[in-house]
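I opened this notebook to keep a record of what I looked up, entry by entry. The structure comes first, and my notes follow it.

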Amino acid sequence: MDIIVRPESMERITTLELAKAFIDEQVKKIRDKVGDKKVLLALSGGVDSSVVAALLIKAIGKQLISVHVNHGLMRKGESEEVIKVFRDELDANLVYVDATDRFLNKLVDVADPEQKRKIIGEEFIRVFEEESSKLRGISFLAQGTIYPDIIESKGVKAHHNVGGLPEDVEFEGLVEPLELLYKDEVRVVGRALGLPSSMVDRQPFPGPGLGVRCLGAITRDRLHALREADAILREEFDLCGLSKKVWQYFISVPDMKSVGVRDGKRYEGWCAVMRAVNTVDAMSATIEEIPYETLYKITSRIITEVEGINRVVYDLTPKPTGTIEWE
């Protein structure tokens with residue numbers, strides 16, 4: 001496979017005007033390549049896949065078939081936003097699969113982080129295989145490959161692993177309109193395409209989703225508490241402007257309880273762990289200094305609004321020695 005090299009003469013996409021010129025160029029290339037044939041895309045709802053989807057919809061409309069699999073480990077409102085933006089607003093040809101019960105049933109009593117990752121990854125492949133097999137006449141596979149992916153893999157892109165497609169599914173070719181862009185440029189293109197900030201500026205999210213933040217064996221009640229607490233953290237970071245300053249912030253909830261008091265009675269609940277880090281390359285990370293007033297407000301809301309959580313702590317561990325995620 002040829003190694004793709006970003007042309008030195010390629011202008012950085014930093015403004016909406018440049019992004020619109022890029023979009024016009026890619027729309028023409030996509031139409032010339034695809035013609036009247038169909039394209040398949042695994043739409044996770046992350047930045048890269050969302051921008052690719054919006055770009056392809058602009059170019060070929062309903063010739064694009066996007067498949068969004070909800071594994072029940074998404075952050076609050078994410079799958080709903082994918083449906084709202086792409087099906088309701090952009091009139092996309094979207095296949096939505098709610099596989100929550102299927103995934104969570106597979107994860108019962110599984111506490112080992114690597115085993116959880118393996119189960120979630122393999123089950124996603126199975127679900128995507130099943131949905132892909134129902135579709136007919138797909139000629140191209142679209143992917144959200146961006147330039148750092150190429151750099152990190154030294155020019156070797158494992159396309160057959162993206163989306164978990166069956167090995168016997170063959171395509172005429174790939175459609176990768178973002179392959180020469182950096183992440184910040186992808187975000188500018190997404191804004192030019194009219195995607196909401198909540199989607200374009202979405203922070204990194206692990207493939208196993210909340211599965212690696214619901215520490216230990218996942219239970220539905222603790223997963224629900226985690227999702228609600230994380231939503232409060234994200235809402236408060238948006239309100240105070242920290243979402244613009246912090247690279248990644250989230251809640252983890254360990255499988256342990258501590259004694260507390262609620263309504264004058266003994267109350268055992270889980271502990272919510274806040275984490276907020278900044279990094280350049282994810283190889284090391286520093287801790288963001290959060291104003292006490294913000295920490296207090298987040299804590300107050302979580303322990304009063306989220307059933308099952310009675311304690312909140314802030315993780316001050318940099319990387320190294322800690323990793324960004326707990327699992």
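**Charges**

I began with the charges of this predicted model, and found that the mean positions of the 45 positive and 54 negative charges of the protein lie 2 Å apart.

**Overall form**

I then looked up the secondary structure, which comes to ten helices and ten strands. For the dimensions, I noted that the C-alpha atoms fill a box of roughly 70 × 40 × 40 Å along the principal axes. I also wanted to know how the radius of gyration stands against that of a compact globule: with 327 residues such a globule would have a value near 20 Å, and the protein has 21 Å, which agrees.

**Surface and contacts**

Turning to the surface, I wrote down that the protein exposes about 16400 Å², of which carbon and sulfur atoms supply 53%. Of the 327 residues, 50% count as buried. Among the contacts with a separation of 6 or more, I found that 77% are accounted for by residues 24 or more positions apart in the chain.

**Strand S6**

Next I went to strand S6, residues 248-252, and asked how many of its five residues are buried. The count is five of five, so that the strand is mostly covered, as follows from the cut-off of under 20% relative accessible area for a buried residue. I recorded the two sides separately: Gln-248, Phe-250 and Ser-252 are buried on one side, and Tyr-249 and Ile-251 are buried on the other. This listing can be read with the general rule that side chains in a regular strand alternate between the two faces of the sheet.

**Partners of strand S8**

I then followed S6 to strand S8, residues 265-278, to which five bridges join it in an antiparallel arrangement. Within this pair, Gln-248 has Val-277 in S8 as its bridge partner. Strand S7, residues 257-262, also pairs with S8 in the antiparallel sense, over six bridges, and here I found Ser-258 standing opposite Gly-269. In the hairpin of S7 and S8, two residues lie between the strands, and Asp-263 takes a positive phi near 55°.

**Asp-221**

My last entry concerns Asp-221, whose place is in helix H9, residues 220-240. Is Asp-221 buried or partly exposed? Its relative accessible area is 47%, and therefore Asp-221 is partly exposed. I also looked up its separation from Ala-21: the two residues are 200 positions apart in sequence and 48 Å apart in space, taken from C-alpha to C-alpha.

Note on methods
Residues are numbered from 1 along each chain as its sequence is written. This is a predicted model: local features need pLDDT of at least 70, side-chain atom pairs count only at pLDDT 80 or more; totals for chains, interfaces and linings use all residues. Side-chain values use heavy atoms; hydrogens and water are left out. Helices (H or I, at least four residues) and strands (E, at least two) are DSSP runs, numbered from the N terminus. The radius of gyration is taken over C-alpha atoms; the globule rule is 2.2 Å times the number of residues to the power 0.38. Buried means under 20% relative accessible area, exposed over 50%, partly exposed in between (1.4 Å probe, protein chains only). Contact means heavy atoms within 4.5 Å. Accessible areas come from the Shrake-Rupley method with a 1.4 Å probe; for residues, only the protein chains shown count as cover. Lys and Arg count as positive and Asp and Glu as negative; His and the chain ends are not counted. The place of a charge is taken as NZ of Lys, CZ of Arg, CG of Asp or CD of Glu. Two strands pair if DSSP finds at least two bridges between them.
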